[in-house]
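Open the model in your viewer and turn on the cartoon. This tour goes from one selection to the next.

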Amino acid sequence: MGGYLLYFIAKGFALFFRAMPLGLSIAIARMLGICSMFINTKRYRISYANLKAALGHRYGPRQIKKILKNTYANIGQGMMEVFLLPGIDDSYIERYITFENFGIAQDVLARGKGLIFLTAHFGTWEISHAALPYKGLCYKGIARQQKPYILDNLLNSYRQSHGCRILIKGPAIKEALRTLRSNGIVGMLVDQDAGKKGIFTDLFKRPASWHRGVVEIALRSGAGIVPGFAIRQKGPYVKFKLFPALCLKSHLPDEEAIADAMVQYAAVLEDMISAYPDQWLWQHRRWKSTTVRKVIVLNDKKTGHLKQSQKVAEIIRCIWQERGYDPDGIRVDIIDVEFKNGTRKHMLSALANFSSIFCQGCMRCARAALKEASYERLIKSYADIYISCGSSTASVNLLFGRENNAKSIAVMKPASAAVRYFDLVIAPRHDGLRPGKNVVVTDAALSIIRKDKLSLCQSRKLFTPDTGSKGSIGVLMGGDTKNFVMDINKVSEIIESAVRICSERNMDLFVSTSRRTPAHISDYLKKRLSAPAVCKLLVIANEYNPPLAVESILALSDILLVSEESVSMVSEAASSRGYSIVFRQGDYRSKRHNRFLSGLEKAGYIQTAGYKDVYDAVIKALELGLRQNIVDDDSRVKKALEGLI
């Protein structure tokens, strides 16, 4: 019933536009095309994201919206021109259509093996059904049958009103080959996604899947392939331009020959789209089957947060590889997020709770809150997935996720009202979120440490090993935070306990600081541990931080002593093989952080000890051969990501 309704509506529009003066018909059709932007908002978001991905480095949000407005207006006018096709005569074509390079078609046909006219959903492609016959080039076009069939048949009758014929994809291939062998012309549009079995060639620096059939037919028949486009000028005026025939390298294996031909066509199409961006049909998911995904990690310059975000990107890369793609197809870019001041940061966080699809193409609030360099880099970048960790970058994640029609993944609990807006929230248990459709709860903070990386670290020559050593102790020393100030006297007690144990039991000692470690504590550590006989490896992060140093300590240490203030550092220790003891000063003021440590200890991942009790705790663990559970949140996070990507 719905099909018949659309049929009669289309018939009504056809009669209406044919009765109207041409200028008025164009104006009404373009207005109707613009109105369609608001009917199917999903397609509009796809269109905006496609245009942003391809040309976002050239155009800002307002310019992209203006281009898309013209694109929709052109779609409306193009549909009107389908309705006008039966009434278009030679005088119309002579007045409104100019032709360029049509000698190319004559030269190809002179070879006697047929011509494949290769075009795209570009400009006013429907006008070719009248323009080409005027030049003596009637063709048979291959098209997929659309639903409802009764409407599709009506529109095809208009397209065939000048002698061209529409062949339905599938059985049309044999008819196309017969046409070419009789030196005829076959028309094809090949700019839509061809699925996983297509030929992959870059379009705007992203692999796109192309239909291989057009080149296969040319190779079998010997026909020439000529790209051509009907470029809309102004109003009803059109320039129909042909380009030199593609060079088919038939001496190559078929796959290579097809790929080479599509590279040539993609270059022509890309140049046309770049010159006339409002004339291509951006509405289809052109890169749906691409083998590449762009991931942007939003960096608030907190090392622990960055590592957790990188862990999510690493899991995405593993999923990509398991699906048979090159893991390097997950392209990760880290962008620093810097706000103009604290007030604007909080303002943006509040406004993000009211974000919607209408934020796409606006971004005024983001521009007002972010420093210019940070905003410019973000607005000119495209991503399929945004990852952030911590509350300060959550608002930026949401807004730029909307801007690019991308997936938004937040690590750690964002602003409570915004949780439902994210595609996925990965929160440690102490954040207090309940598992849900878009929430996965982990035991600890995500750790960048991987088991295969730990085995690699064991071979790192960061120090000269002692062949007579009976084990090793690693110390991970953090630094001051908002709720914690490191006490040098208590640090000294811990270091002396570790040195004493290593001396008594012939064990190696490894020590690493963080970038937050106060200078006076770093100076003390250098003075006390500078001798190799005392400490096999000492890393002062603010001075020299060799690659994989912390990972090596985690891999090699039988006992790990970790300062209490760093969620990421404690989580990394709990994810490694060593027995983890978190030393405490006894004055930490954050209830949430204390809940985090208590939860890990109850689950058997760590042991906490006062700074005066470290010696006894280590001796007990060594003598009793104590073992702990190892945090492994990767599997549950991976499962959630598999459903998202």
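Select helix α15 (residues 372-379) and helix α16 (residues 391-403) in this predicted model. The two helices pack at an angle of about 35 degrees. Their axes lie 11 Å apart. Now show side chains. Y375, L378 and I379 make the contact from α15, and V396, F400 and E403 make it from α16. By class, the contact has 5 nonpolar residues, no polar ones and 1 charged.

Next, select strand β10, residues 293-299. Of its 7 residues, 6 are buried. Add strand β11 (residues 330-336): β10 pairs with β11 in the parallel sense, over 7 bridges. Look for V295 of β10, whose bridge partner in β11 is V332. Then add strand β12 (residues 385-389), which pairs with β10, again in the parallel sense, over 4 bridges. Here V295 stands opposite I385. Bring in helix α12 (residues 303-322) as well: β10, α12 and β11 form a right-handed β-α-β unit.

Move to the open sheet of 6 strands. Its order is β18-β17-β16-β19-β20-β21, and the pairing is parallel. The edges are β18 (537-539) and β21 (607-610), each paired on one side only. Neighbouring strands turn by 20 degrees against each other on average, direction ignored.

Zoom in on strands β16 (residues 472-476) and β19 (residues 559-563). They run parallel, joined by 4 bridges. I473 has I559 of β19 as its bridge partner.

Which helix packs on this sheet? Select α23, residues 614-624. Helix α23 touches β16, β19, β20 (579-584) and β21. Its direction makes about 155 degrees with that of β19.

Terms used: Residues numbered from 1 in each chain as written. Predicted model: local features only at pLDDT ≥ 70, side-chain atom pairs only at ≥ 80, totals over all residues. Heavy atoms only, no water. Axes fitted to C-alpha atoms, helices over the stretch in contact; angles between N-to-C directions. Contact = heavy atoms within 4.5 Å. Nonpolar A, V, L, I, M, F, W, Y, C, P; charged D, E, K, R; others polar. Buried < 20%, exposed > 50% of the residue type's maximum accessible area, 1.4 Å probe, protein only. Pairing = 2+ DSSP bridges. Right-handed = clockwise from strand over helix to strand, strands pointing away.
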